[in-house]
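Got your viewer open and a selection box ready? Let's take a short walk through this one, stop by stop.

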Amino acid sequence: MTDACPFPAIDASIPVLGKAKIPSPLPYCRFMDDTTRTRIELTGEDLDEITTPCFAEFEVAGPRGKLYFDSSKAKAAIVTCGGLCPGINDVIRAIVMEAHHNYDIAATLGIRYGLQGFIPSFGHSLMELTPENVSDIHQFGGTMLGSSRGPQEPADIVDALERFNVSMLFIIGGDGTMRAARKIQEEITARRGKISVIGVPKTIDNDISFVTKSFGFDTAVEKATEAIRCAHTEALGVLNGVGLVKVMGRESGFIAAQATLALKEVNYVLVPEYPFTLHGDHGLLPSLEKRLARRRHAVIVAAEGAGQHLLAASGRKDASGNPVLGDVASLLTSEIEASFKSKNLPLTLKYIDPSYIIRSVPANANDRVYCGFLGQHAVHAAMAGKTGMVVSKLFGRYVHLPFDLVTRKRKKLNVHSDYWRAVLESTGQHGVTPLPGDEATLCLKKDG
């Protein structure tokens, strides 16, 4: 390992609107200096061009001693975009409370129903956010502001920000939302505007680059394990019982993998990064048949994006531009039932899909604490005049990251890592990630 990266240095600098000159009103805190950096090791999982581990330096999050905005004149806006995730209300509350109680800013506006709320033709009214009307929203799932998917023109959004006289915009959303935020910031820069754009990365799939663990992920895993436990109970209750649980994970199987490690009752975990076959010597079906012959029950956890190579592509896209996935649960259910019926073997298969329960519940204690820090650090950054960035917790440290880094690629499970090895050891399945052109394989290593 070397201290210097073997490719041109990463530009992790954060744009600023201008020189910060106003003394911070915060009475008690340790101010961070803009020159303070934290060195963090990066690998090819973070950026494709990294071939050997190396270190990069990132700006540390936290309050600054000098502010860019005069808080008595500053107005903030908050918007939430994309799918639901535990903790969104917690982030909204943290931003409002920090902005009001510690910086005493003039007002905070809530933009209703995602980016649509900026467009007059949709007719969504603004909501003023105060400590009173956000005081208990952390007890509820979802987002008090509503959300939507789909792009809107950056120029129209910036027009609205100028009409509302907004000084800082906080955007809570996933990788697609962060790309939209980047375009909004670029439009503001092109107009030589003075509006700070700060992103708070949100994804229940935990698939945003340079975000070690997204908020709401702990809660999602916790709820997923409840469904898996029920599937295990159902499978144990009958001869040749199979419990099948589908969890969220379009392109990344982090929820499935983490829930598998948490509960220890899963025998097969299927994720998008780890293709599998159904038939043949190393197929899922022969392996499942052997498993049931020996143990009389099995539990399968499948991420929603698993097995897409076995399904016909729909060719359609959702409002966010993501391909519409085939239903891996229907595929598994029909194939397993047909296989056992053809051999006249008894089988009882119970299918559980907890997807919308997982994403719509209130955040647990750990995620609430995490959301609080994210909201506070977002306000600190905006008040200091920073823009074009997200607040991220990267390997235990809160840092500022430019939009460019977090939008380069989607984070995926590394199936060659110790983490994935631990998942395979927990399930007892043993797989080989196929090389291009090779057949994907999945087989049972032990009877556990």
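The tour goes from aromatic rings to packed helices and ends at a covered helix. Bear in mind that this is a predicted model.

**Stop 1: a ring pair**

Select Tyr 370 and Tyr 398 and show their side chains. This is one of five aromatic pairs in the structure. A pair of rings is described by the distance of the centres and the angle of the planes. Here the centres are 6.3 Å apart and the planes of Tyr 370 and Tyr 398 meet at 55°, so the pair is tilted. Now colour by secondary structure: Tyr 370 belongs to helix 10 (residues 365-383), while Tyr 398 is in strand 15 (residues 397-402). The pair links distant parts of the chain, 28 residues apart.

Are these two rings buried or exposed? Tyr 370 has a relative accessibility of 7% and counts as buried. Tyr 398 is buried as well, with 15% relative accessible area.

**Stop 2: the neighbours**

Add Phe 373 to the selection. Ring pairs join Phe 373, Tyr 370 and Tyr 398 into a cluster. Next, add Lys 393: its charged end sits over the ring of Tyr 370, 5.4 Å from the ring centre.

For another charge over a ring, jump to Arg 163 and Phe 164. Arg 163 lies over the face of Phe 164, 5.8 Å from the ring centre.

**Stop 3: two helices crossing**

Arg 163 is also where helix 3 (residues 154-163) ends, so to speak, in numbering. Select helix 3 together with helix 4 (residues 175-190). What angle do helix 3 and helix 4 pack at? It is about 65°, with the axes 9 Å apart. That makes helix 3 roughly perpendicular to helix 4. The crossing of these two helices is right-handed.

To see the contact, show side chains on both partners. Helix 3 contributes Pro 154, Ala 155, Ile 157, Val 158 and Leu 161. From helix 4 come Lys 183, Ile 184, Glu 187 and Ile 188.

**Stop 4: a covered helix**

Finally, select helix 6 (residues 254-263). How many of its 10 residues are buried? Eight are, and the helix is mostly covered. Highlight the buried ones: Phe 254, Ile 255, Ala 256, Ala 257, Ala 259, Thr 260, Leu 261 and Leu 263.

Then bring up what covers them. The cover includes helix 5 (217-236) and helix 12 (418-427), along with strand 10 (241-247), strand 11 (268-270) and strand 12 (297-303). Before you close the session, click on Lys 264, which follows helix 6 and has a positive phi, near 70°.

Terms used: Residues numbered from 1 in each chain as written. Predicted model: local features only at pLDDT ≥ 70, side-chain atom pairs only at ≥ 80, totals over all residues. Heavy atoms only, no water. Phe/Tyr/Trp six-rings, centres within 6.5 Å; stacked < 30°, edge-to-face > 60°. Helix = DSSP H or I, 4+ residues; strand = E, 2+ residues; numbered from the N terminus. Buried < 20%, exposed > 50% of the residue type's maximum accessible area, 1.4 Å probe, protein only. Lys NZ or Arg CZ within 6 Å of the ring centre and 35° of its normal. Axes fitted to C-alpha atoms, helices over the stretch in contact; angles between N-to-C directions. Parallel < 35°, antiparallel > 145°, perpendicular 65-115°, else oblique. Left-handed = near helix turned anticlockwise from the far one by under 90°. Contact = heavy atoms within 4.5 Å.
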